[in-house]
Amino acid sequence: MSFNINEFIDTKTLLYVALFSPLVSSLFAGIYGASPKKINVGVISSLLIFLSFLASVGLFLHLYFGGSVVNVMMMDWISAGDLKVPFGFVADHVSVTMMLVVTLVSTVVHFYSIGYMEKDKGFNRFFSYLSAFVFSMMFLVMSDNFLGLFIGWEGVGLCSWLLIGFWYEKESATWAANEAFIMNRIADLGMLIGIFMIYWTMGTLQYDEVFAKISSVPVDVVTMIAIFLFIGAMGKSAQFPLHTWLADAMEGPTPVSALIHAATMVTAGVYLVIRANEIFSLVPEVGFFIASLGAFVALFAATMALVNRDIKRVIAYSTLSQLGYMFVAGGLGAYWIALFHLVTHAFFKALLFLGAGNVMHAMEDELNIMKMGGLRKVMLGTAILMLIASVALSGIYPFAGFFSKDKILEVAFDTQHYILWGTLWLTAGLTAFYSFRVVMLVFFGSSRYKDFGIHPHEAHGFMLWAMTPLAVLAIVAGLFEHQFVEFVTKILPAYSFSEQIHETIGQLVIVTTSIAVTGIVIAVFSNMFREGLFSNAFRGNFFYKLLDNQYYIPKIYDEVFSKPYRELSELFWKSIDLKIVDATVDGIGKCLLSTGENTREMQSGNLSLMLRWMTIGLTILLLSAIGYTYADSILTLLQQGVAH
Amino acid sequence: MDHILSILIFFPAIAGLLGFLIDRQSIKPYVIAVASMEFILSLYLWFLFDSNQIGMQFVEQGNLISAFGVQYLIGLDGISLFLVVLSTFMTLIGVISVADDTDDLRELLLTLLFLEMTMVGVFVALDAILFYLFWELSLVPMLYIIGAWGGEKRIYASIKFFLYTFSGSLIMLVGMLYMAYLYYQASGTWSFSLLEWYRLQLPLDYQLWLFSAFFIGLAVKVPMFPFHTWLPYAHGQAPTVGSVILAAILLKMGAYGFIRFSLPLYPDATVYFLTPIAILSIIMIIYTAMVAYAQKDIKQLVAYSSISHMGVVILGTFALNPEGITGSIFLMISHGIVSGALFLLVGVIYDRRHTKMMDQFGGLASVMPRYALIFGIMAMASVGLPLTIGFVGEFLSLAGFYKYSHIMTILATSAVVVGAIYMLSAYKKAFFGKITNPENSKLQDLNVREYFSLVPLAILVVVLGVYPKPILEPIDNSVKTVISLMHQKAVTEEAKKIIPNIKMNLGEEEK
Amino acid sequence: MGSMIISLEHYLLLSSILFFIGLYGVIVRKNLLMLFFATEIMLNAVNVGLVAISNYYGDLTGQMFAFFIIAIAASEVAIGLGLLVIWFKRHNTVDLDSLQSMKG
């Protein structure tokens with residue numbers, strides 16, 4: 001079948017539409033930012049995002065049917081010295097994949113938000129921020145140079161700040177917003193250094209030129225570049241030790257969590273590794289480090305998810321854990337697999353969050369899953385959607401998660417990193433367990449919410465319909481694996497499995513699936529018969545406390561970084577700046593002043609005093625005249641005295 | 001327009017003198033008209049400016065004291081052009097922002113016009129004595145503004161401001177006189193003309209002394225750590241318009257002096273002192289940002305943040321490559337706009353509540369959403385978010401310095417973190433949360449006068465952040481001239497190595 | 001009693017002692033009249049020195065100077081005492097501190 005989108009519309013126009021209609025949407029909603037809720041603002045804004053989605057689809061079709069990569073040079077941005085950075089955009093196979101995911105999830109979330117935010121007084125403002133986020137994210141994935149990527153990178157950071165702190169009257173929300181921004185900034189420092197290095201070693205920041213030159217750069221420099229870029233990725237993708245902001249970011253409205261903190265922004269780090277694969281594949285040591293950190297985070301986050309009682313935080317930790325999976329794949333050089341997991345994860349995780357949003361609404365903003373239970377009776381639609389998402393997350397065939405997650409495990413096994421494989425395998429079991437723990441505690445068992453006088457209700461029908469595309473994709477996306485591989489490996493390196501893996505692949509699948517199923521079974525049975533696995537006795541346990549307090553890391557950060565920083569700042573100001581630096585300056589002034597005060601009597605006009613000073617002055621002059629005249633002989637005398 | 005620069009310098013002063021004839025009611029429209037004309041004139045200057053031409057343009061020359069070669073020599077290149085435009089623009093904004101019910105309104109506005117003369121004069125003077133004249137003259141109106149319209153401790157603050165910067169400048173004056181003497185020895189004639197001085201190649205030990213003398217005068221003005229302590233007092237006590245001009249333009253004189261005098265005159269000394277100065281800049285960046293974080297008074301916070309940003313400016317200047325110096329000049333302009341706007345914003349809330357303490361506020365976002373929006377834009381520009389004006393200069397400055405030292409740049413780049421910490425926590429304290437203080441619940445959002453002064457700045461912040469090219473390009477060309485001059489003049493191997501050799505046809509300038 | 005030759009050193013020593021006595025008086029005394037006396041002593045100390053050295057070198061210039069000094073001292077005292085008498089009539093005191101009119 002041949003198809004040429006160019007017959008209908010210019011691809012450059014498509015690219016501009018895809019990029020700028022979210023900006024238009026944001027500005028449009030922004031005009032009404034401070035005015036009372038207008039439903040049309042939400043609708044028009046959502047339609048504009050949908051338009052962006054359609055344009056992305058157009059670009060996808062163009063590439064899928066063999067079209068060439070679309071490059072656009074919009075205008076110059078910064079040029080100074082030899083540095084020339086344009087606003088340049090590229091729609092190649094990787095960025096189009098990202099664009100599709102971003103715009104699809106955004107469209108769903110936008111429509112969903114019309115229902116979710118209906119009672120909020122900041123309705124219009126919300127859509128403005130949300131669309132601004134989409135614009136930044138599109139900028140990030142479509143830019144054809146590192147600095148353009150950085151624009152999007154910071155842009156999503158800004159929007160994330162705005163949206164986490166959307167309910168700015170809540171102390172915890174604004175605190176979390178600032179935490180997220182500042183922690184991301186720490187990582188951005190690394191990213192900026194990486195960009196400086198790229199510029200001074202290769203003299204350009206354009207992807208294609210950098211990648212063309214990178215192979216001639218000394219390995220140690222490439223290593224440093226890769227490390228610094230990855231530090232940037234660690235912040236956005238909330239990898240340990242910069243992970244604490246993600247769980248706190250759940251203070252934002254739930255659609256935000258779905259879009260930003262699950263499907264898109266947090267995967268920017270993974271995108272960077274995939275985009276810069278030419279750099280990372282040159283330094284496998286860094287790749288291995290990335291993979292190891294990824295595996296560690298996968299397990300680390302999953303353990304925290306096990307015990308948490310906040311529905312959104314559990315999902316947030318699960319996101320963290322899944323990002324770890326992606327980094328394992330990226331680090332081990334299986335870039336298309338990382339991208340594949342990124343895509344499938346975006347679908348089912350966004351779905352999960354939106355479902356959680358429905359639950360939250362139903363429960364009047366109650367987040368504690370211990371207070372829920374039996375909700376399937378009142379909200380069957382949401383229950384089914386969340387169940388689909390959870391199954392997909394657990395990696396059960398034939399759901400999307402199965403295909404992508406299994407591939408990552410195979411890669412780990414194939415490259416003989418058995419420890420990584422073991423970690424991920426264990427994590428797969430934990431993932432299945434905590435996902436179903438949430439499902440069971442929320443939708444099954446006795447209706448505990450009745451004790452708290454809550455009257456849950458199902459969300460609007462259109463909100464459920466808005467979620468449906470995600471649900472469908474969460475089920476079927478995995479089946480398009482073959483087409484996906486073919487599409488993205490046009491520019492990404494194809495990962496080829498070794499010979500022997502083909503023989504063991506069947507066994508691997510069985511081993512992985514069995515632990516996932518075991519996890520599910522434990523979760524289901526323990527909840528059905530005992531109302532939760534963790535009895536009260538268990539809660540006193542050291543490990544439970546450790547997990548429940550997130551390994552005490554937030555507390556440690558507070559003690560080790562935040563408080564000393566604050567105290568040091570106070571010290572700098574009150575002790576050093578005021579008492580030393582400024583006091584020295586004032587001291588010089590006071591010294592001069594007191595000299596004047598003390599010597600003013602000399603000029604009092606008192607004759608006898610003046611005579612005395614005159615005598616003193618005369619004596620000094622006389623003595624110095626003598627000293628000066630006989631300086632040589634005095635010195636000789638002194639030297640003789642020393643010699644004796 | 002043969003004398004456009006002279007007109008630009010003296011028009012506000014003459015208009016200011018005439019202003020004493022105007023009665024109090026119509027003084028504000030009059031001064032706004034004068035400042036607008038001056039601003040339009042500076043825009044016209046920009047229009048006339050040929051960015052492809054190397055060297056100084058619109059040069060005017062006349063003898064003042066011919067026996068000692070003191071001349072009335074003025075001219076302009078890409079570096080000074082935008083500082084002139086910034087001066088006229090910020091003066092206009094400052095004049096607009098002055099409230100009609102200020103005491104002694106006429107005196108304040110006319111003082112601003114005199115101040116404008118000295119600012120433009122500093123940036124176009126090409127004769128050292130003329131430069132020094134305007135440099136010191138600029139202290140007088142500022143002293144008057146702080147001392148007469150300031151807060152409680154205004155006398156202390158203004159005297160400190162004056163004496164501190166004045167004693168620094170005196171040492172610079174000694175350096176200038178010695179430089180002229182050296183020139184006399186080398187050529188047999190007296191001259192204070194910078195263009196003549198540029199041709200003088202000095203041995204390293206002379207350079208070191210002269211550089212140090214200039215450094216003290218300039219560093220106090222910037223202000224560099226540890227000479228910065230006059231600034232928080234001056235800002236803390238100055239009226240809003242005083243702070244705006246002080247932060248937006250007067251501080252830029254110091255950094256401008258480095259680029260105009262120290263770098264091209266003493267390239268070897270510059271390289272010799274590169275590391276200590278870079279360390280001072282890094283201390284400035286991190287230390288003052290932390291001090292800013294500890295502040296309770298929001299105006300003091302902005303004042304300290306200015307010092308922190310000037311640290312990046314100095315670092316960029318001493319990168320000694322086109323990326324860094326162009327970036328630092330751009331950062332001066334962007335910092336002028338952003339810090340000016342931040343001081344205006346602080347003034348807005350001070351006018352309403354007569355306090356600047358952050359703990360008095362909280363929840364302002366719900367009563368003053370438009371104010372919160374503009375403050376947010378400025379805060380983000382100050383933090384250096386891409387696509388705002390703040391990013392371009394900061395990025396270029398740091399990127400430029402990276403070539404010289406990796407470790408120091410990593411330390412200096414922490415500006416992006418420490419800057420975010422104090423700015424965001426201040427924003428959170430003032431704007432987020434619930435309204436706890438009943439006095440804040442009925443605050444008016446921005447009025448027309450405030451819109452007129454703030455909205456142009458907000459627009460500039462975004463427009464120049466997205467499209468900095470019209471400004472970057474002329475600056476870049478002039479900076480390249482300066483750097484190639486430095487490379488040519490350098491006598492030590494070290495300096496030749498660090499200062500890049502940019503091929504430019506300098507011969508044309510002398511023809 | 002052994003004959004003791006009075007040498008130049010002795011004259012100079014006497015001159016110095018007289019000079020310092022005069023100087024001490026100038027520093028310590030507050031009475032204007034006493035100040036005059038002290039000044040006279042210092043002048044005469046110098047005279048002794050000049051005459052002694054003049055004698056030592058056999059050069060009369062020093063002695064001539066001494067006469068000059070005596071003459072000038074006499075006229076100075078005449079004018080000075082005149083002023084002093086007027087001052088005393090006006091202020092009823094010749095204390096030095098009473099001359100002070102600046103605040104310093």
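# Notebook: chains A, B and C

I started with chain B and chain C, and found no contact joining them; their closest C-alpha atoms lie 24 Å apart. I note here that this is a predicted model.

**Entry: chain pairs**

I then asked which chains share the most contacts. Two pairs of chains are in contact, and chains A and B share the most contacts of these. The contact between them takes 38 residues from chain A and 44 residues from chain B. On the side of chain B that touches chain A, I looked up the helices that each supply at least two residues; among them are α13 (274–294), α15 (322–353), α17 (369–383) and α22 (469–489) of chain B. I also found α18 (389–404), α19 (406–413) and α20 (415–431) of chain B in that list. The largest share of this side is seven residues, and α20(B) provides it. By residue type, I have 27 nonpolar, 10 polar and seven charged on the side of chain B that touches chain A.

I turned to chain C and chain A next. Here 11 residues of chain C are in contact with 11 residues of chain A. The side of chain C that touches chain A divides into six nonpolar, three polar and two charged residues.

**Entry: chain B as a whole**

I find 24 helices and two strands in chain B. The radius of gyration of chain B is 22 Å, close to the 24 Å that the globule rule gives for 511 residues, so chain B is as compact as a globular protein of that length. I read the span of its C-alpha trace along the principal axes as about 70 × 55 × 40 Å. Of the 511 residues in chain B, 62% are buried. I also looked up contacts in chain B between residues at least 6 apart in sequence: 79% of them join residues at least 24 apart.

For confidence, I noted that chain B averages a pLDDT of 90, with 98% of the residues scoring at least 70. Residues 506–511 of chain B have a pLDDT below 50, and beyond near neighbours in sequence this stretch has five contacts in the model.

**Entry: A:Pro22**

I picked A:Pro22, which is in helix α1 (residues 11–31) of chain A. Is A:Pro22 buried or exposed? I count A:Pro22 as buried, because 28 C-beta neighbours lie inside 10 Å, and the cut-off for buried is 20 or more. Leaving out residues up to four places away in sequence, A:Pro22 touches A:Leu48, A:Ile49 and A:Ser52, and also A:Ser131, A:Val134, A:Phe135 and A:Met138. I also took a distance from A:Pro22 to A:Tyr551: the two are 529 residues apart along the chain, and their C-alpha atoms are separated by 40 Å.

**Entry: two helices of chain A**

I looked at helix α11 (residues 268–275) of chain A, which is mostly covered, with eight of its eight residues buried. The buried residues of α11(A) include A:Gly269, A:Tyr271 and A:Arg275.

I then checked α18(A). At 1.5 Å a residue, its 26 residues should span 38 Å, and its end C-alpha atoms are 37 Å apart, which agrees. Because 21 of the 26 residues of α18(A) are buried, this helix is largely enclosed by the rest of the structure. After α18(A) comes A:Gly445, with a positive phi near 75°.

**Entry: backbone exceptions**

I kept a general point in mind: most residues other than glycine have a negative phi, and most peptide bonds are trans.

In chain A, I found a cis peptide bond from A:Phe240 to A:Pro241, with omega near 5°. A:Pro241 lies in the loop between α8 (219–236) and α9 (244–248) of chain A. In chain B, I found a cis peptide bond joining B:Phe225 and B:Pro226, with omega about 0°. B:Pro226 is in the loop between α9 (204–221) and α10 (230–237) of chain B.

I looked up positive phi values next. A:Gln416 has a phi near 65°, positive in a residue other than glycine. I place A:Gln416 in the loop between α17 (400–414) and α18 (418–443) of chain A. A:Gln416 is exposed, because it has 10 other C-beta atoms within 10 Å.

B:Phe58 has a phi near 55°, a positive value in a residue other than glycine. I find B:Phe58 in strand β1 (residues 57–65) of chain B. B:Phe58 is buried, with 20 other C-beta atoms within 10 Å.

Methods:
Residues are numbered from 1 along each chain as its sequence is written. Chains are lettered from A and ligands numbered from 1 in the order in which they are written. This is a predicted model: local features need pLDDT of at least 70, side-chain atom pairs count only at pLDDT 80 or more; totals for chains, interfaces and linings use all residues. Two residues are in contact if their C-beta atoms, placed from the backbone, lie within 7 Å. Helices (H or I, at least four residues) and strands (E, at least two) are DSSP runs, numbered from the N terminus. Ala, Val, Leu, Ile, Met, Phe, Trp, Tyr, Cys and Pro count as nonpolar, Asp, Glu, Lys and Arg as charged, and the others, Gly among them, as polar. The radius of gyration is taken over C-alpha atoms; the globule rule is 2.2 Å times the number of residues to the power 0.38. A residue is buried if 20 or more other C-beta atoms lie within 10 Å of its own, exposed if 12 or fewer, and partly exposed in between; C-beta atoms are placed from the backbone. pLDDT is the predictor's confidence in each residue, from 0 to 100. The expected span of a helix is 1.5 Å times one less than its number of residues.
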